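Reader: Could you take me through one aromatic pair up close? I'm in my first year, so please spell out the terms as you go.

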Amino acid sequence: RANERVTEFMLSVKPEWDAQPRRARSTLKRGMKVGSDADDLFLAQSKEAVTASLHAIYGLLGGHQVEPTQMVRDEECRDVLGASTSRYYHVKLPQRICRVVVTVTVDSSSGGSVGVFGALDVERPHSKSAPMRGKEVDPDPLHPGERIQVKYDHMYGPGDVPIELSDTLDRGKAVPPVSFLCVGIEAIGGQVTYTVKYSIEPLRVKLTREEMSRRLRQVYRGWEAKLDDIKRDPDRRAEFEAMTAELQSKRREKMKQICAHELSKMWTPRALYEQLQNRATENERKRREAYARKEQHDQEQYERAFQHATRREARAEQRRLEEEAQEAAALRQQRAMQWMTALVWAARMSGKIDLVTSARDLRRRLVEETQAATLIQRRWKAIQGAKRRYRLYRNVIVMRRTMLCHARVAQLAERQTAAGLLITFLRRCRHETVERGPVDIARNFRHKVVVLQRKWRAVRAMRQARLEVLLGVFKQALDKDKDVEEEKAEPDKAA
């Protein structure tokens, strides 16, 4: 049915498209510019026909006629999908190498799941046309539910570079010529509530050896980099080949001239002198090589004679080495036996190792529990102490406020009482105020009060002394009466 819609679209647009060039020619003949009213009308009709056909096709496929949603980086988009419906989103790609991660989180309360698909050349990707498919990842503790991610590396792979750009394109900086990543979400099962967002992560490109060497040549600008530049530029390459051919022809001409000149000089006195000199040099070289061979032969004879003369010492040394090798073999055998014994004991003790390990684990757990209990107790004591100190401080503050309020009230009452006494005192001493000032009157009154207090203290001291004397006499009298009573009671006891 979708193919039928496309056929209907082509049949409706094809006559208009065939008529467009003739219309343009007739418009030019009439003196109008191509692309004015006639072209605008044709484009509008074509756009309406394309939009209607696309809406019909996506309606047949089970989707919606809603345009793809433009997403914002790190911003969540929440939506609800009905059964067997789809939503489409566009992610704008930056002009730098990066990794785009699209994450779809399905609410745990939803009754179904979703399928996530991605593509670069398909505006509305689905399960049959999408080259990228979402993979399920671990759920987020903060957002429980199924999480599906689609990852796209915005870069050129080692085999993605076009052949015509293989010599000039730098995979460490260039990105594919695409502007959007198209994402499609399809509901599987019942109605689904989901959240979608995307993030951009940095990505590091791993260059091949050839690309690394090319980059180094570009950095250091050696003859290889210059040769690569010449290979990439056709004009410079043709110029370089012409210059190379010219230099080679000049060199051949020069070599011909040199060879002709040498042939003409072959039997001259200079040439004969050079031949004699070369012959003498060759004879001297041969003599030195013969002398070196003789020295080597004499050295070999001396070594053989020395070995024959020291054959007994050599045999003794050989026997000593053999004995050392035998001792080393015996030592290795002894060590092997020790290792076998240790392995046997280890095999026997393997059963007890579990017991020791369990005992150690039990002791370690006990120590950990004791330390944890001690830590909890210390923490609890610290908390209770802090609470106690807080309550005490709060009570002190409350008591201080209460005492301050009471002191203010009591101070006010005392001031009122003292004011009445002061007024009474001034009224009684008003006849003396004329002769002396209030300060002198107060000082004289204080002096009198002090004298009265001193006399009162003296009287009290005298009374206290008299009382102590009388108490001593009274105590003695009581003791005497007691003794008399005891003496009277003794005859009665005896009888």
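Author: Here is a close look at the aromatic pair, with a couple of other spots afterwards. First, the small print: this is a predicted model, where local features need pLDDT of at least 70, side-chain atom pairs count only at pLDDT 80 or more, and totals for chains, interfaces and linings use all residues. Residues are numbered from 1 along each chain as its sequence is written, and side-chain values use heavy atoms, leaving out hydrogens and water.

Now, a pair of aromatic rings is described by the distance of the centres and the angle of the planes. Searching the whole structure turns up 1 aromatic pair. Tyr-302 and Phe-306 have ring centres 6.5 Å apart and planes at 25°, so they're stacked (rings of Phe, Tyr and Trp, with its six-membered ring, pair if their centres lie within 6.5 Å; planes under 30 degrees apart are stacked, over 60 edge-to-face, the rest tilted). Both sit in helix H6 (residues 269-309), and because they're 4 residues apart, about one helical turn separates them. Helices here are DSSP runs of H or I with at least four residues, strands are E runs of at least two, and both are numbered from the N terminus.

How covered up are they? Tyr-302 is exposed at 54% relative accessible area, while Phe-306 is partly exposed at 48% (buried is under 20%, exposed over 50%, partly exposed in between, using a 1.4 Å probe and protein chains only).

Elsewhere, Asp-74 lies in the loop between strand S1 (69-70) and strand S2 (77-81). Asp-74 isn't a glycine, yet has a positive phi of about 60°, and is exposed at 52%.
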